[in-house]
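The exercises below ask the reader to work through one protein chain, from its core to its sheet and its aromatic rings. Each task is followed by a solution that proceeds step by step.

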Amino acid sequence: IQIDLTRYNSSVDPVLMIYSGDGERLYEFNDNVFIPGVRTVNSQVLFNASQGQSYRIVVGAANNAAWRL
């Protein structure tokens, strides 16, 4: 299963991370990605999820910025 997680049009610089269910392995990380037609800072991760596996999805902000989802 391919997962596409995108955060765009944000007021801060978003960061996206995908970890293993136990949090010990980082599978994907993205701080900046260009999305045509969108003028803000964006993040996107694409990864292949495996059936029966657990994942942790972390959405944060670069440079210690504070914001709400």
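A nonpolar core is understood here as a set of buried Ala, Val, Leu, Ile, Met, Phe, Trp, Tyr and Cys residues that are joined through side-chain atoms within 4.5 Å. The model to which this is applied is a predicted one.

**Exercise 1. The nonpolar core**

Determine which residues make up the largest nonpolar core, and state which strands each supply at least two residues of this core.

Solution. The first step is to list the members: the largest nonpolar core consists of five residues, namely Leu 16, Ile 18, Val 45, Phe 47 and Ala 49. The second step is to place them on the strands, and here both β2 (14-20) and β4 (43-48) contribute at least two residues to this core. As background, nonpolar side chains in soluble globular proteins tend to be buried together. The third step is to check one member against the cut-off: Phe 47, whose place is in strand β4, has a relative accessibility of 8% and therefore counts as buried, since buried means under 20%.

**Exercise 2. Strand content and the open sheet**

Work out how many helices and strands the chain holds, and give the order of strands in the open sheet.

Solution. Begin with the inventory, which amounts to zero helices and five strands, so that the pattern read along the sequence is β-β-β-β-β. Next comes the open sheet, which is built from three strands in the order β3-β2-β5, with antiparallel pairing. Its edge strands are β3 and β5, each of which pairs on one side only. On average, and with direction ignored, neighbouring strands of this sheet are turned by 15° against each other.

The pairing of β2 with β3 can then be taken in detail: these strands pair in the antiparallel sense over four bridges. Ile 18 has Glu 28 in β3 as its bridge partner, while Met 17 stands opposite Phe 29 in β3. The two strands β2 and β3 form a hairpin with five residues between them, and in the turn Gly 23 has a positive phi of about 80°.

**Exercise 3. The surroundings of a polar residue in β3**

Decide whether Asn 30 counts as buried or exposed, and find which residues it is in contact with when its neighbours within four places in sequence are left aside.

Solution. Asn 30 is found in strand β3, which covers residues 26-30. Its relative accessibility is 15%, and because buried means under 20%, Asn 30 counts as buried. Leaving aside its neighbours within four places in sequence, the contacts of Asn 30 are Pro 14, Val 15 and Leu 16, together with Asn 42, Ser 43, Gln 44 and Val 45. Two of these contacts, Leu 16 and Val 45, are also members of the largest nonpolar core.

**Exercise 4. The aromatic pairs**

Identify the residues that ring pairs link into a cluster, and explain why the pair of Phe 47 and Tyr 55 is edge-to-face.

Solution. The structure holds two aromatic pairs. In one of them, Tyr 27 and Tyr 55 are arranged edge-to-face, at 5.7 Å centre to centre and with 65° between the planes. This pair links distant parts of the chain, with Tyr 27 in strand β3 and Tyr 55 in strand β5 (residues 55-61), 28 residues apart. Tyr 27, at 33% relative accessibility, counts as partly exposed, and Tyr 55, at 24%, counts as partly exposed too. For Phe 47 and Tyr 55, the ring centres are 5.3 Å apart and the planes lie at 65°, so this pair is edge-to-face, given that planes over 60 degrees apart count as such. Taken together, the ring pairs link Tyr 27, Phe 47 and Tyr 55 into a cluster.

**Exercise 5. Separations along the chain**

State what share of the contacts with a separation of 6 or more comes from residues 24 or more positions apart.

Solution. That share is 62%. A pair of individual residues may be set beside this figure: Gly 60, which lies in strand β5, and Val 12 are 48 residues apart along the chain, and their C-alpha atoms are separated by 9.5 Å. Gly 60 has a relative accessibility of 17% and counts as buried, while for the chain of 69 residues, 28% count as buried.

How values were computed
Residues are numbered from 1 along each chain as its sequence is written. This is a predicted model: local features need pLDDT of at least 70, side-chain atom pairs count only at pLDDT 80 or more; totals for chains, interfaces and linings use all residues. Side-chain values use heavy atoms; hydrogens and water are left out. Buried means under 20% relative accessible area, exposed over 50%, partly exposed in between (1.4 Å probe, protein chains only). Contact means heavy atoms within 4.5 Å. Rings of Phe, Tyr and Trp (its six-membered ring) pair if their centres lie within 6.5 Å; planes under 30 degrees apart count as stacked, over 60 as edge-to-face and the rest as tilted. Two strands pair if DSSP finds at least two bridges between them. Axes are lines fitted to C-alpha atoms, for helices over the stretch in contact, and angles run from 0 to 180 degrees between N-to-C directions.
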